[in-house]
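Morning, everyone. I'd like a few minutes on strands and rings. Please have the sequence and the model up while I talk.

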Amino acid sequence: MITYTRTANAGGILEMDGVRILLDGVSQAVNDYLATPPDLLNTLYDTHLDMIAFTHNHSDHFQPEFVRSYVKHHPLPKLIGPKDVAADLSDYAVITASSSVGAVQLIAVPSRHMGAEYTDTPHYSFLIRGSSLVWFMGDASPLQWKGQDHFPHPDVLIAPYAYASTEAAWEITEQITQGKILLTHLPDKERDSAQLWPAVEKVLDQHDRFRVRIPRMGDVCEVY
């Protein structure tokens, strides 16, 4: 069984083949986006993690203070992220490439962050390969995959709202995945100033080829 527990705005804990990976799993509140609640943060401090991986260093995905506090009480897990994450955690040995624990491999895929203003932001998406294949997108733009002929075709795609907010993006999503989809990075519905929820719901109402779930904070999803 593979599970994903949402602990942050766009991330959480992936458990596969006895390996526990925190992916963008601690966040601050930014605009309409949620911070990791104190109870979940306390749970994370008490959880054994084999890897901690960050797609990029924006505060709605990455909290260096959590890493520093965590390693005071636990053996240092493998830390993975692009060069800006490594710079922010320069007192630790951050791996800026792919890595593995046991039979689970985490493959760092250089990806373009959503939005023209973030063109120069160092960013990875992560392919997690074990008994199944999971692709964790972080904030990777769906448009960069348009026109490509070959995709990893994961069993589970964990992607931000943009992958289902327009018909054009959803067409790319259908090309990428062959299995379940978890959507992240949606704000609280009561604070959705950009009206992202209605855009996503409109697209999903028109398509039922894939099973799509939008986990709430703290939800544990059995994904495979």
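Strands here are DSSP runs of E, at least two residues long, numbered from the N terminus. Two of them pair if DSSP finds at least two bridges between them. Keep in mind that this is a predicted model.

Start with the hairpin of E2 and E3. Two residues lie between its strands, and Asp17 takes a positive phi near 55°. The strands themselves run antiparallel, E2 joined to E3, residues 19–23, by five bridges. For one register point, take Leu14: its bridge partner in E3 is Ile21.

Now the other neighbour. Strand E1, residues 3–6, pairs with E2 in the antiparallel sense, over four bridges. This is a hairpin too, with five residues joining E1 to E2. Here Thr3 stands opposite Glu15 in E2.

Is strand E2 largely enclosed or left open? Strand E2 covers residues 12–16, and four of those five residues are buried, so the rest of the structure largely encloses it.

Next, the open sheet. Seven strands form it, and the pairing is mixed. The order reads E7-E8-E9-E10-E11-E12-E13. Which strands stand at the edges? They are E7, residues 99–101, and E13, residues 212–213. Each has a single partner strand, so one side of each has no neighbour in the sheet.

Go inside that order for a parallel pair. Strand E10, residues 133–136, and strand E11, residues 156–160, run parallel and are joined by three bridges. Val134 has Val156 in E11 as its bridge partner.

On to the rings. The cut-off first: ring centres within 6.5 Å make a pair, and planes over 60 degrees apart count as edge-to-face. How many aromatic pairs does that rule give? The count is five. One of them is Tyr124 with Phe126. Their centres are 6.1 Å apart and their planes make 65°, so by the over-60 cut-off the pair is edge-to-face. Tyr124 is buried, and Phe126 is buried as well.

There is also a cluster. Ring pairs link Tyr45, Phe66 and Tyr70.

One last ring, this time with a charge. Lys189 lies over the face of Trp197. The distance to the ring centre is 4.5 Å.

To recap: E2 pairs with E1 on four bridges and with E3 on five. The open sheet has E7 and E13 at its edges. And for the rings, go back to Tyr124 and Phe126, both buried.

Terms used:
Residues numbered from 1 in each chain as written. Predicted model: local features only at pLDDT ≥ 70, side-chain atom pairs only at ≥ 80, totals over all residues. Heavy atoms only, no water. Phe/Tyr/Trp six-rings, centres within 6.5 Å; stacked < 30°, edge-to-face > 60°. Buried < 20%, exposed > 50% of the residue type's maximum accessible area, 1.4 Å probe, protein only. Lys NZ or Arg CZ within 6 Å of the ring centre and 35° of its normal.
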